Amino acid sequence: MRIISRIAWFRFALPLVLMTVLFSACVRNDDEPLIPRAPISRLYVSLFEFQTDETADPYSNLAVLDPADAEVMSGSIFNSGVQEGSGVFFSPEAGRLFQGSVLNQTIVLMSVTDVGIPQQSGRISHEDLTAIRGLHYDHEHRNLFVANNWTPSGVYVFDNPMNRNGEVEPLRYFPLGGVRPWGITMWDNQLLVVRTGAQGGVNLYKNVSSQLAGTEDMAPDARLTVSGASSLRGVAYSTRLDLMVLTDFEQASVFVFEHASELFKQTVATIEPTRIIAGPATGLMGPTDVSIDDREGSERIYVADKRSKSVLRFDLTASGNAAYEAQTVFPLSPESIFLDARGLVGEGAQE
């Protein structure tokens, strides 16, 4: 276990932060993707608490563990300017990092250098974003999807976010039939949304881009309820492994579903996890988000745990009361994570 004190973080990160140039401007959205010079395993961590004392230095709310697949996970922490950091997402194709701020009803946009240093490039906000949770940027259609967990709950879609700044009207708002969403992910124009609370599970929406011009509610193509779930939060899905992973906050558990595409073929069903990671040896106390490294030879699961203020890494085959491979403890609580893993033997990347 690696414990990183706030002072140690500050001393390590300060030179890098001083090198960071903050700017706010329109950025063309056809930027070339970042080409890695070497294999990348970079985990972005959005941290929740913020400094309430106006006379004190603000907390830094964005950590970058690089390389995340090293024996000891370590990295740097940056002041991204968010308060109550929530969802975080990185698009290698766009070279942009997105981080949500619950308190400010805002999504901060950042460019990322080839060595992983984030530089603020803009921000968009909307008054209805009362509880931002999951984020996903669809680079093909230039749309940013934002899950809002509180009234009005649903998924908001902002088009061309890199060419916008300040208060922005969404292209589309999906109330999702009253579903209270948390984590979201996308692949092949399909949107997967976590339902939290009673009858928790996932909703799958196909051909999403074709529905953005409408105004009506969006009906799910599949509505799956997870047996035994009580407080679902994060989701990750790998098309290469056909693997879906969910976190349950109150049960301190990670649910793993193999052959997930077969589950998605059902319209309405109750599904059982293939295996569950839970127990004292796991270190899990209140998991909020999850990422998958699906590269051949490097298959792992990363979990953000809010109650233990840590990120834990597990072997992909972990089950039951399995001990974690590595753990990094933060001075603040991780709310969301996203793994940028590229360039190894197999060409895999988390969706």
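This passage describes the nonpolar cores, one strand and several local backbone features of a predicted model.

The largest nonpolar core was examined at the outset. It holds 29 residues. L97, F98, I107, L144, V146 and F158 touch the most other members. Seen by element, two or more core residues come from each of β3 (62–65), β5 (85–91), β6 (96–101), β7 (106–112), β9 (132–138), β10 (143–148) and β11 (154–159). The largest share is that of β7, which gives 5 residues.

L97 illustrates how such a core residue is surrounded. Leaving aside residues up to four places away in sequence, L97 touches Y44 and L62. Its contacts also include V88, F89 and F90. Further along the chain, L97 meets V108, L109, M110, V112 and P118. Apart from this core lies another, of 22 residues. Among the members of that other core are V194, V202, V235 and A260.

Strand β11 was then followed through its neighbours. The strand is mostly covered, with 6 of its 6 residues buried. On one side of the account stands β10. The strands β10 and β11 pair in the antiparallel sense, over 6 bridges. Together they form a hairpin, and 5 residues lie between them. One bridge links two residues already named: L144 has F158 of β11 as its partner. L144 and F158 are also among the core residues that touch the most other members. A further partner of β11 is β13 (residues 172–174). These two strands run antiparallel and are joined by 3 bridges. Here V155 stands opposite F174 in β13. In a regular strand, side chains alternate between the two faces of the sheet.

Two cis peptide bonds were noted. One runs from D66 to P67, with omega near 0°. P67 sits in the loop between β3 and β4 (75–78). The other joins T151 and P152, and its omega is about -5°. P152 is placed in the loop between β10 and β11. That loop belongs to the hairpin formed by β10 and β11.

Positive phi values were found in residues other than glycine. N160 has a phi near 45° and is not a glycine. N160 lies in the loop between β11 and β12 (166–167). Is N160 buried, partly exposed or exposed? Its relative accessible area is 27%, so N160 counts as partly exposed. A252 has a positive phi of about 50°, although A252 is not a glycine either. The place of A252 is the loop between β19 (243–248) and β20 (253–258). A252 has a relative accessibility of 14% and therefore counts as buried. The cut-off for buried is under 20%.

A322 is another loop residue. A322 is found between β25 (310–315) and β26 (326–329). With a relative accessible area of 16%, A322 is buried. Which residues does A322 touch, not counting those up to four places away in sequence? The contacts are A281, T282 and F314. The separation of A322 from I276 was also computed. In sequence, A322 and I276 are 46 residues apart. In space, their C-alpha atoms are 9.8 Å apart.

Technical notes. Residues numbered from 1 in each chain as written. Predicted model: local features only at pLDDT ≥ 70, side-chain atom pairs only at ≥ 80, totals over all residues. Heavy atoms only, no water. Core = buried A, V, L, I, M, F, W, Y, C linked by side-chain atoms within 4.5 Å. Buried < 20%, exposed > 50% of the residue type's maximum accessible area, 1.4 Å probe, protein only. Helix = DSSP H or I, 4+ residues; strand = E, 2+ residues; numbered from the N terminus. Contact = heavy atoms within 4.5 Å. Pairing = 2+ DSSP bridges.
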